[in-house]
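The following exercises ask the student to read a protein model step by step. Each task is followed by a worked solution.

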Amino acid sequence: TAAGLISLLAASAWAPYAWSVDWQATYSIGSSLSLSSNARLRREGEEEAGGTARLTLGAVAKGTGRRLKFNTNSSISLISRTITGGADVDQRLRAISSFELLENQVFVDGNFTSTRELISSASPISGGDAAADRDQRTSVTSISLSPYWQRRYGRWAQSLVRYRHTEVIAEGGTNDSRNDSLELQLVGGNKIAPWRPALTAEAVNNNQRASAGRTENDLTRFSIAFGNQLALSRRYSLTASIGYDKVDASNDNRDLSGVSWSLGTIMRPGPRTNISFSFGQRFGEPAIEADMRYEITPRLSLRLQATQNLNSGLQRLVNDSNLVTVDPLTGELVTPAGVPAGFVNSGINAGISVQQTFEASLVGDYGRNRIIVSAVQYQREFDDGNDQTTRVRGSFTRTLSPYLSVTASSFYRFNSLRTAVETQTLNGRLDLNYRIGPRATVFSGYSFTTRLSDDANREYVEHVGTVGGRVTF
């Protein structure tokens with residue numbers, strides 16, 4: 001991971017000499033001290049206070065050229081804690097790129113992510129920067145390359161052929177994996193309107209290498225589907241699809257193969273609203289797919305999504321990272337819901353599952369005020385039961401003066417586990433940032449976190465106070 005950050009910094013330093021790309025980069029170095037009232041996140045009566053010192057290096061870089069686009073928002077921290085001694089590394093490295101090999105036809109997308117993820121969606125989590133949940137996290141690094149070829153055949157049709165190779169490396173307690181997928185699409189064009197038929201095929205091979213005594217969750221899937229869209233008017237269309245999935249899961253006793261189908265609609269009732277919705281069945285479970293985008297005002301947008309996926313171990317995290325894009329207005333790396341990447345941390349769940357996801361986000365930027373609200377619910381169907389995770393997180397930042405800003409944030413997390421244990425975690429946090437110069441900022445913060453559970457051993461309360469500073473150059 002340290003090598004990954006060094007390579008990103010080196011790329012941004014040398015890149016002005018490559019491909020006539022316009023490069024912009026900002027670097028930062030900061031340090032902070034945090035004190036936690038419950039550094040091990042233990043139940044009442046077993047609390048132990050502890051302090052954490054953190055040194056952080058950061059880089060935000062963007063490269064824009066005729067053929068190459070590159071973005072990274074990365075940081076790496078060296079952490080020392082009084083309760084354990086020694087030093088640890090905490091990385092949040094994200095980089096995406098796109099290179100055009102043949103104009104308007106052949107492209108290569110790249111994605112690199114290295115973060116410390118919660119071991120489970122039910123893991124205890126610290127609300128501050130005290131690294132109190134260090135032993136509940138594991139390092140996950142994924143590297144993905146995806147060449148693809150797209151072509152238009154006049155107004156008759158367009159096609160897409162995409163191959164993706166992904167390597168995932170995770171430290172002890174989880175499974176490394178290698179994923180290869182091939183996707184084919186053929187979509188009808190305007191010449192055959194009001195119909196818009198589409199033929200899609202996808203082959204996926206996920207090979208997981210077992211570690212730390214865990215069993216393998218190898219997964220092979222071949223899918224083919226035929227869909228059609230009928231335009232009733234310029235604003236409303238009906239959709240339907242039918243297909244078949246062949247699934248071979250070595251560690252799952254369910255029959256996940258079978259016919260898939262869906263019925264739905266696409267609506268564009270106004271210039272600021274786009275809605276698509278379908279329901280059906282896939283992998284033996286009800287399936288809902290939806291996407292709604294509504295620009296409430298030019299500065300405030302609402303996004304609602306629903307998706308169904310077949311996941312294996314760490315593959316959900318990889319799929320999420322491959323969907324990260326660049327916000328054209330802010331330049332941030334964002335999820336399809338428009339919230340910053342990593343804004344919601346759901347954790348890792350080993351095993352093969354059919355996952356139905358519902359997500360809503362509200363993002364507003366008013367110059368001196370910025371609001372982000374994200375709500376996500378995962379419903380996972382495993383071979384040996386099911387679980388559910390709901391997480392809501394929100395933040396509001398107010399710039400009080402050219403020098404002072406304040407951020408109030410909170411999150412709520414609900415977990416219903418396969419073991420029939422339920423937990424609820426609630427956090428509130430307040431942060432102050434004060435500029436003491438053109439490139440220097442000092443900050444302080446307070447965080448309160450509590451967790452309630454059917455199992456008293458899982459409950460805890462934590463208070464965290466943090467002070468620090470940061471310099472950019």
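## Exercise 1: The overall fold

The protein has two helices and 24 strands. The model is a predicted one.

Task. State what share of the residues in the protein is buried, and describe its contacts and exposed surface.

Solution.
- Step 1. Of the 473 residues in the protein, 42% are buried.
- Step 2. Among contacts with a separation of 6 or more, 55% are between residues 24 or more positions apart.
- Step 3. The exposed area of the protein is about 23600 Å², and carbon and sulfur atoms supply 57% of that area.

## Exercise 2: A cavity and its lining

Task. Determine which residues line the second largest cavity and which strands supply at least two of them.

Solution.
- Step 1. Two cavities of 30 Å³ or more are present in the structure.
- Step 2. The second largest cavity has a volume of about 30 Å³.
- Step 3. Its lining consists of Arg94, Ala95, Ile96, Asn111, Phe112, Thr113, Ser321, Val324 and Leu333.
- Step 4. Strands β4 (87-102) and β5 (106-118) each contribute at least two residues to this lining.
- Step 5. Sorted by class, the lining of the second largest cavity comprises five nonpolar, three polar and one charged residues.

## Exercise 3: Salt bridges and burial

Task. For the pairs Asp90 and Arg92, Arg380 and Asp387, and Asp431 and Arg429, give the N to O distance and decide whether each residue is buried or partly exposed.

Solution.
- Step 1. The structure contains 14 salt bridges, and the three pairs are among them.
- Step 2. In the salt bridge of Asp90 with Arg92, the closest N and O atoms are 4.0 Å apart. Asp90 is buried because its relative accessibility is 11%, under the limit of 20%. Arg92, with a relative accessible area of 47%, is partly exposed.
- Step 3. Asp90 and Arg92 also belong to a network of salt bridges that includes Arg54.
- Step 4. The side chains of Arg380 and Asp387 form a salt bridge with an N to O distance of 3.6 Å. Both of these residues are buried.
- Step 5. The side chains of Asp431 and Arg429 form a salt bridge at 2.9 Å, N to O. Asp431 has 16% relative accessibility and therefore counts as buried. Arg429 has 21% and therefore counts as partly exposed.

## Exercise 4: Backbone features in loops

Task. Locate the residues Leu41 and Phe283, which have a positive phi although neither is a glycine, and the cis peptide bond that joins Ala193 and Pro194.

Solution.
- Step 1. Leu41 has a phi of about 55° and is placed in the loop between β1 (22-36) and β2 (50-64). With 8% relative accessibility, Leu41 is buried.
- Step 2. Phe283 likewise has a phi of about 55°; its loop runs between β13 (273-282) and β14 (285-297). The relative accessible area of Phe283 is 6%, so this residue is buried.
- Step 3. The cis peptide bond between Ala193 and Pro194 has an omega of about 10°. Pro194 is in the loop between β8 (176-188) and β9 (198-209).

## Exercise 5: A glycine in a strand

Task. Where does Gly394 lie, and is Gly394 buried or exposed?

Solution.
- Step 1. Gly394 is part of strand β20, residues 385-399.
- Step 2. Its relative accessible area is 19%, so Gly394 is buried.
- Step 3. The C-alpha atoms of Gly394 and Ala375 are 8.6 Å apart, while the two residues are 19 residues apart along the chain.

Note on methods. Residues numbered from 1 in each chain as written. Predicted model: local features only at pLDDT ≥ 70, side-chain atom pairs only at ≥ 80, totals over all residues. Heavy atoms only, no water. 1 Å grid on protein atoms, 1.4 Å probe; cavity = no way out; pocket = protein on both sides within 12 Å on 5 of 7 lines; lining within 4 Å. Points joined across faces, edges and corners; volume = space filled by probe spheres on them. Helix = DSSP H or I, 4+ residues; strand = E, 2+ residues; numbered from the N terminus. Nonpolar A, V, L, I, M, F, W, Y, C, P; charged D, E, K, R; others polar. Buried < 20%, exposed > 50% of the residue type's maximum accessible area, 1.4 Å probe, protein only. Contact = heavy atoms within 4.5 Å. Areas by Shrake-Rupley, 256 points an atom, 1.4 Å probe, with all protein chains shown as cover.
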